[in-house]
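Trainee: I have a new model open and I'd like to learn how to read it piece by piece. Can you walk me through it?

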Amino acid sequence: MKLEVMPKQRAMEAEQREEAMEMSGLELWKHEKPASMVFLPQPMMPVAAVCGEEATLVPPLNFAMVDDGIFRSGFPAAANFRFLKSLNLRSIVYLCPEPYPETNAEFLAKNGIKLHQFGIEGRKEPFVNIPDDKIREALKVVLDVRNQPLLIHCKRGKHRTGCVVGCLRKLQKWCLSSVFDEYQRFAAAKARSTDQRFMELFDISSLKHLTASHC
């Protein structure tokens, strides 16, 4: 008479066989020399892929924030346009006498940015002549909140831009030593005593009524 194996018993026997195979494999692994592991270097991802579009934002030379809605820099190149666009500028205060380049003018027109030009000659000492009236007019534009956010720039963002920002600091009641420290930080080895003397003697009395939002 043939004995019939119950399904439950068959399942138990199968589990026992699997456990035996696992144990034998484990014992074999203990006595085998493990294979050496080789770690391959991960391929480097492009910076743009890691950081997204922000990786392409390149600020102009000597760029810095002066105050809420007021920035400074050297002359922007085409490579800086995406960065400038991210600032949502309304105006640019341009301190050089040369005509604004066509490429830059097209960028301003495309993005609704108004250009305010105050042509100040960029001469070296001892022939530096800083026109008080143009600095004063530039400051009126800078302090008008309707023109902000705005960027102040010349060629290198050192002397002419430094004088405008230095006079703005006097309106903000900075002490002269702090005004000069900031100027020298951007001008570095090119700092001019004539610029610092101009800032020291600049009369802010006629502009005080414009500074409520920045003092």
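Trainee: Let me start with the whole chain: what percentage of the 215 residues of the protein count as buried?

Mentor: Keep in mind that this is a predicted model. Of the 215 residues, 37% count as buried. The accessible surface of the protein comes to about 14,200 Å², and 57% of that belongs to carbon and sulfur atoms.

Trainee: And how many helices and strands are there in the protein?

Mentor: You'll find 8 helices and 5 strands. Walk along the sequence and the pattern reads α-α-β-β-α-β-α-β-α-β-α-α-α. Then look at the contacts: among those with a separation of 6 or more, 67% come from residues 24 or more positions apart.

Trainee: How do I read the sheet? In what order do the 5 strands come?

Mentor: The general idea first: strands of a sheet pair through backbone hydrogen bonds, either parallel or antiparallel. Here the 5 strands form an open sheet in the order 1-2-5-3-4, with mixed pairing. Strand 1 (64-67) and strand 4 (114-117) are the edge strands, each pairing on one side only. From one strand to the next, the twist averages 25°.

Trainee: Which pairs show me the two senses? Let's take strand 1 with strand 2, parallel or antiparallel?

Mentor: Strand 1 and strand 2 run antiparallel and are joined by 3 bridges. To find the register, look for Ala64, which stands opposite Arg72 in strand 2. The two strands make a hairpin with 2 residues between them, where Gly69 takes a positive phi near 80°.

For the other sense, go to strand 2 and strand 5, which run parallel and are joined by 4 bridges. Arg72 helps here too, since its bridge partner in strand 5 is Ile152. Strand 5 (residues 150-153) also pairs in the parallel sense with strand 3 (residues 91-94), over 4 bridges. In that pairing, Tyr94 stands opposite His153.

Trainee: Which residues of strand 2 are buried on its two faces?

Mentor: For a strand, check each face separately. In strand 2 (residues 70-73), Ile70 and Arg72 are buried on one side, and Phe71 and Ser73 are buried on the other. Both faces of the strand are covered.

Trainee: Now the helices. How do the axes of helix 7 and helix 8 cross?

Mentor: Look at the distance, the angle and the handedness. The axes of helix 7 (residues 176-187) and helix 8 (residues 193-201) come within 11 Å and cross at roughly 145°. The crossing is right-handed.

Trainee: Which residues meet there?

Mentor: A reminder before you look: an α-helix has 3.6 residues a turn, so residues three or four places apart point the same way. From helix 7 come Leu176, Val179, Phe180, Tyr183 and Gln184, and they meet Asp195, Gln196, Met199 and Glu200 of helix 8. Sorted by class, that contact has 5 nonpolar, 2 polar and 2 charged residues.

Trainee: What do the buried residues of helix 8 pack against?

Mentor: They pack against helix 5 (132-143), helix 6 (159-171) and helix 7. The buried residues themselves are Thr194, Asp195, Gln196, Phe198 and Met199.

Trainee: Let's turn to the loops. Where is Gly112, and is it buried or exposed?

Mentor: Gly112 lies in the loop between helix 4 (102-110) and strand 4. The residue counts as exposed because its relative accessible area is 59%, and the cut-off is over 50%. Try a distance as well: Gly112 and Arg90 are 22 residues apart in sequence, yet 6.9 Å apart in space, C-alpha to C-alpha.

Trainee: Which residues other than glycine have a positive phi?

Mentor: Asn88 is one of them, with a phi of about 55°. You'll find Asn88 in the loop between helix 3 (81-86) and strand 3, and it is exposed, with a relative accessible area of 58%. Ala188 is another case, with phi near 55°; this one is in the loop between helix 7 and helix 8.

Trainee: One last backbone item: which residues does a cis peptide bond join?

Mentor: Go to Gln148 and Pro149, which are joined by a cis peptide bond with omega about 0°. Pro149 is in the loop between helix 5 and strand 5.

Technical notes
Residues are numbered from 1 along each chain as its sequence is written. This is a predicted model: local features need pLDDT of at least 70, side-chain atom pairs count only at pLDDT 80 or more; totals for chains, interfaces and linings use all residues. Side-chain values use heavy atoms; hydrogens and water are left out. Two strands pair if DSSP finds at least two bridges between them. Axes are lines fitted to C-alpha atoms, for helices over the stretch in contact, and angles run from 0 to 180 degrees between N-to-C directions. Buried means under 20% relative accessible area, exposed over 50%, partly exposed in between (1.4 Å probe, protein chains only). Contact means heavy atoms within 4.5 Å. Accessible areas come from the Shrake-Rupley method with a 1.4 Å probe; for residues, only the protein chains shown count as cover. A crossing is left-handed if the near helix is turned anticlockwise from the far one by less than a right angle, and right-handed if clockwise. Ala, Val, Leu, Ile, Met, Phe, Trp, Tyr, Cys and Pro count as nonpolar, Asp, Glu, Lys and Arg as charged, and the others, Gly among them, as polar.
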